Amino acid sequence: MGDVRGDDRNMTIGEPETSAVGVPGVAVSMRYALGEMGAARSVRTLLRVNQADGFDCPSCAWGDPAAADRKHAEFCENGAKAVAWEATRKRADAAFFRAHSVAFLREQTGHWLEANGRLTEPMYLAEGATHYRPIGWDEALRLIASRLRALDDPNRAVFYTSGRASNEAAFAYQLLARRLGTNNLPDCSNMCHESSGAALTETIGLGKGTVTLEDLSEHAGLIVVVGQNPGTNHPRMLAALEEAKKRGAKIVAVNPLPEAGLLRFKNPQKASGLAGHGTKLADRFLRVRVNGDLALFAGVNKALLARDDADAILAGGGAAGPVLDHAFIDAYTEGFEAAATGWRALDWADVERLSGLSRSRIEEFADDVTAAESIIVCWAMGLTQHANAVGTIREVMNFLLLRGNIGRPGAGPCPVRGHSNVQGDRSMGVWEKMPDAFLDRLRDEFGFDPPRAHGWDVVDSIRAMRDGKVGVFFALGGNFASAAPDSEVTAAGLRRCDLTVHVATKLNRSHVLTGREALILPCLGRTERDRQASGEQYVTVEDSMSVVHASRGRLAPASTELRSEVAIITGLAAELFGDELGWSAMGGDYSVIRGHIANVVDGCADYDARVSQPGGFTMPRPPRDSLTFATPSGKARFTVNAVSAVRVPPGHLLLQTLRSHDQFNTTVYGLDDRYRGVHGGRRVVFVSGEDLAERGLRDGDLVDLVSVWSDGERRAPAFRVVEYPTPAGCAAAYFPEANALVPLDSTAAISNTPTSKSVIIRLERSVPPAVG
Ligand SMILES: Nc1nc2c(c(=O)[nH]1)N[C@H]1C(S)=C(S)[C@@H](COP(=O)(O)OP(=O)(O)OC[C@H]3O[C@@H](n4cnc5c(=O)[nH]c(N)nc54)[C@H](O)[C@@H]3O)O[C@H]1N2
Ligand SMILES: Nc1nc2c(c(=O)[nH]1)N[C@H]1C(S)=C(S)[C@@H](COP(=O)(O)OP(=O)(O)OC[C@H]3O[C@@H](n4cnc5c(=O)[nH]c(N)nc54)[C@H](O)[C@@H]3O)O[C@H]1N2
Ligand SMILES: [Mo]
């Protein structure tokens with residue numbers, strides 16, 4: 001495949017940077033925007049990003065400041081790249097598909113495929129054909145409907161969602177799938193924050209975060225940033241961290257890598273950020289081993305408990321010590337004693353070995369904790385994509401509960417979401433196992449019985465494809481082939497389907513790893529005007545802080561043939577089911593969908609009126625709003641999490657796969673990872689000097705990465721070694737180049753999330769191809 005060959009002929013490696021953003025960031029975003037959009041269009045478009053009357057940035061899910069506090073330019077370098085990527089003037093039109101066979105396209109890199117620009121009209125690949133050819137919308141929708149109708153079981157259809165779909169599109173989409181009779185609604189969240197949702201639902205009865213932007217910038221005494229690289233993936237978060245620092249909050253960063261964005265920040269929105277050294281961010285940097293976080297948090301919890309026990313003795317006769325919030329624990333939680341027994345029995349030697357941190361470092365962290373009135377823990381993929389991810393996040397919740405850090409200002413869990421509307425898609429019912437209460441309301445609203453059996457998530461969908469159980473694979477956005485684990489198994493699975501359909505803005509690898517027949521349906525992006533029967537439409541989205549608000553595109557669509565995601569879904573549904581549920585009214589006027597959302601989705605009463613307020617409204621979060629927990633007992637739960645970490649056989653390394661600064665997931669904007677000193681290439685593996693010396697390898701050598709798993713080995717050839725300050729025994733390489741190494745069956749307990757941050761590999765010197 002194209003991504004195996006790579007595009008790295010001119011790669012250079014320099015020193016990693018020690019601060020994020022500042023002038024280079026702004027200059028880079030403008031250069032990229034100008035290249036894709038031209039000057040006037042760049043300025044006009046970028047000024048609309050995240051404004052109350054503008055569109056929601058299609059990049060990450062970070063929250064927006066209150067409407068009155070928004071800056072003139074409320075976007076970051078990487079948001080600007082995402083906007084320019086969508087608003088580009090380049091086109092992959094019918095002539096492009098005439099010129100290039102699918103076989104040729106399959107050989108190109110993902111970077112090359114997307115760089116051809118926006119898709120312009122529906123394209124169809126007939127069985128046995130070598131090229132995609134144009135097809136009319138009516139014919140395309142009729143074809144999909146006929147293939148869906150022909151399935152002997154609706155569960156032979158799979159409906160994937162990527163997290164960019166609006167709430168209106170997501171709601172209509174899940175309705176279509178359930179009306180058809182299946183809960184096969186895998187989404188990108190299965191590979192992302194599923195572990196967070198599982199741990200939070202179990203411990204606090206709500207599968208998402210509880211903090212607001214103001215909690216971070218204005219109230220928290222201590223902010224712990226774990227397994228997250230905000231300088232690249234949530235750059236606007238740095239502004240909130242900077243504000244927190246200014247008023248005296250402390251920041252602790254927990255990461256195997258000294259990421260530039262965790263160390264210092266130069267604010268591009270301020271004159272002082274354009275010169276000078278910027279703000280120091282992390283007060284303490286804990287260089288944890290990959291997958292060492294469960295041990296670290298169990299260790300700090302043990303330390304806190306020991307201090308509390310000691311205080312109790314000093315106070316004489318069992319009086320409660322001040323270290324733990326016993327009043328909170330007694331009133332609002334259950335399970336404390338069992339958890340405490342576990343911490344007392346925990347051996348410091350195990351904590352040190354598994355976390356890679358000394359006891360004294362962890363005791364220092366405990367000092368930060370006891371000094372802080374209120375604590376927020378932020379985390380992302382560094383915690384969620386491990387075998388023990390759910391246990392790790394439960395232990396983070398133990399950490400917060402011990403001092404009552406929830407349900408008050410400046411305190412609580414903050415899983416920082418990825419895709420701009422991934423949280424909203426879940427709220428709207430895109431999930432293979434929505435609870436019965438939701439399905440009951442769906443039944444009452446629409447008068448049909450939704451299926452109750454749980455559907456397939458991403459990993460189970462791939463297994464089903466592999467086993468020939470999927471007839472139709474339909475994707476609302478995303479790039480399933482490149483984002484999913486075990487690239488070759490996933491590719492083979494897609495090719496076993498009868499029909500693959502992709503609603504997309506740009507060409508990607510998933511569109512060229514096709515079923516027997518395939519369709520590409522080009523849609524409007526966030527930045528574009530959306531006009532339907534009742535006039536101009538807006539859509540709604542939910543950010544990481546549970547704020548729901550409107551998003552309005554203003555640009556002329558990339559092609560007159562594009563349809564909105566809502567129009568495509570409601571059009572297909574009308575073709576499939578006729579108009580019994582009012583599909584054409586929904587497609588013609590999105591407020592009709594919002595009316596249904598109000599009746600079906602929890603916390604959305606009066607939805608249409610509330611989202612049209614500037615800044616929107618916040619979804620209910622009972623743990624924060626009223627210290628109520630929707631657990632079986634009504635209390636927040638302490639859990640017992642046996643300390644563990646992946647066992648790495650001698651001579652092997654634990655590989656994490658991560659994002660460079662120049663990509664949005666599988667979309668590669670460019671070949672630089674500026675903050676880590678990598679320029680002009682992506683096939684690199686970061687390894688510590690100790691591990692290189694042990695293997696007789698040097699920076700610049702070419703190695704194959706070989707992953708080992710019970711079902712055999714997987715190989716990703718020809719990566720350039722980069723000596724890097726990662727802990728000994730750990731390595732890193734970029735997603736999606738390294739996805740071929742992630743075994744399909746290597747998933748997190750409970751959440752079934754692929755273990756993209758815990759892949760056991762060894763390095764083998766690459767054998768240069770024989771010259772012939
Ligand atoms: N520009 C841009 N923005 C994005 C994205 C993008 O690709 N580009 N993607 C979006 C999406 S969908 C998501 S989910 C988020 C992802 O946001 P992140 O989670 O920040 O993304 P990753 O690059 O996967 O980075 C993971 C971080 O975790 C660290 N890490 C790895 N393993 C461990 C571990 O075992 N323990 C600890 N403590 N740390 C570890 C890595 O060193 C790295 O700093 O970003 C969103 N925003
Ligand atoms: N090894 C490894 N694998 C990972 C991860 C990792 O850290 N390591 N991270 C995982 C995570 S956190 C996630 S969220 C997934 C991401 O998985 P996906 O969401 O499936 O992948 P993306 O790369 O975000 O999808 C990009 C494609 O979306 C389409 N697109 C863009 N905008 C729109 C739009 O407005 N509408 C429509 N219909 N299509 C649009 C474009 O065609 C583009 O090519 O990957 C996961 N995979
Ligand atoms: Mo994600």
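Colleague: What makes a residue count as one of those around ligand 2?
Modeller: In this predicted model, a residue counts if one of its heavy atoms lies within 4 Å of the molecule. For ligand 2, 32 residues meet that rule, and Tyr 160, Ser 162, Ala 483, Glu 565 and Thr 666 come nearest.

Colleague: Why is the pair of Ser 162 and ligand 2 called a polar contact?
Modeller: The rule asks for a pair of N or O atoms within 3.5 Å. A polar atom in the side chain of Ser 162 is 2.7 Å from an oxygen atom of ligand 2, so the pair qualifies. Gln 385 also reaches an oxygen atom of ligand 2 through a polar side-chain atom, at 3.2 Å. For Asn 479 the backbone supplies the N or O atom, 2.9 Å from an oxygen atom of ligand 2.

Colleague: Which residues come nearest to ligand 1?
Modeller: There are 32 residues around ligand 1, of which Glu 259, Asn 291, Asp 293, Gln 663 and Asn 665 come nearest.

Colleague: What makes Asp 293 a polar contact of ligand 1?
Modeller: An N or O atom in the Asp 293 side chain is 2.6 Å from a nitrogen atom of ligand 1. The limit is 3.5 Å, so this is a polar contact. Gln 663 offers a polar backbone atom at 2.7 Å from a nitrogen atom of ligand 1, and Asn 78 a polar side-chain atom at 3.2 Å from a nitrogen atom of the ligand.

Colleague: What is unusual about the backbone of Asn 665?
Modeller: Its phi is positive, about 50 degrees, although Asn 665 is not a glycine. Asn 665 sits in the loop between strand 26 (663-664) and strand 27 (667-668).

Colleague: Why are Arg 676 and Glu 259 said to form a salt bridge?
Modeller: A salt bridge needs a side-chain nitrogen of Lys or Arg within 4 Å of a carboxyl oxygen of Asp or Glu. The side chains of Arg 676 and Glu 259 meet at 2.8 Å, N to O, so the criterion is satisfied.

Colleague: How many salt bridges and polar contacts link domain 3 and domain 4?
Modeller: The count is 1 salt bridge, and 9 residue pairs are in polar contact across that interface. By class, the domain 3 side has 11 nonpolar, 10 polar and 4 charged residues.

Colleague: What does the size of that interface rest on?
Modeller: Interface size is often given as the accessible area lost when the parts come together. Domain 3 (195-415) and domain 4 (649-765) bury about 2000 Å² between them, with 58% of it on carbon and sulfur atoms. Leu 257, Val 290 and Gln 385 supply 29% of the area that domain 3 buries there, more than any other three residues. The C-alpha centres of the two domains lie 27 Å apart, and the contact takes 25 residues from domain 3 and 26 residues from domain 4.

Colleague: How do you know which form the peptide bond from Phe 735 to Pro 736 takes, cis or trans?
Modeller: Omega is near 5 degrees, and the bond is cis. Pro 736 belongs to the loop between strand 32 (730-734) and strand 33 (759-765).

Key: Residues are numbered from 1 along each chain as its sequence is written. Chains are lettered from A and ligands numbered from 1 in the order in which they are written. This is a predicted model: local features need pLDDT of at least 70, side-chain atom pairs count only at pLDDT 80 or more; totals for chains, interfaces and linings use all residues. Side-chain values use heavy atoms; hydrogens and water are left out. Domain bounds come from an automatic or database domain assignment. Contact means heavy atoms within 4.5 Å. Buried area is the accessible area (1.4 Å probe) that two parts lose on being put together, summed over both. A polar contact is a pair of N or O atoms within 3.5 Å; within protein, one must be able to donate a hydrogen and the other to accept it, and residues adjacent in sequence count only if both atoms are side-chain atoms. Ala, Val, Leu, Ile, Met, Phe, Trp, Tyr, Cys and Pro count as nonpolar, Asp, Glu, Lys and Arg as charged, and the others, Gly among them, as polar. Helices (H or I, at least four residues) and strands (E, at least two) are DSSP runs, numbered from the N terminus.
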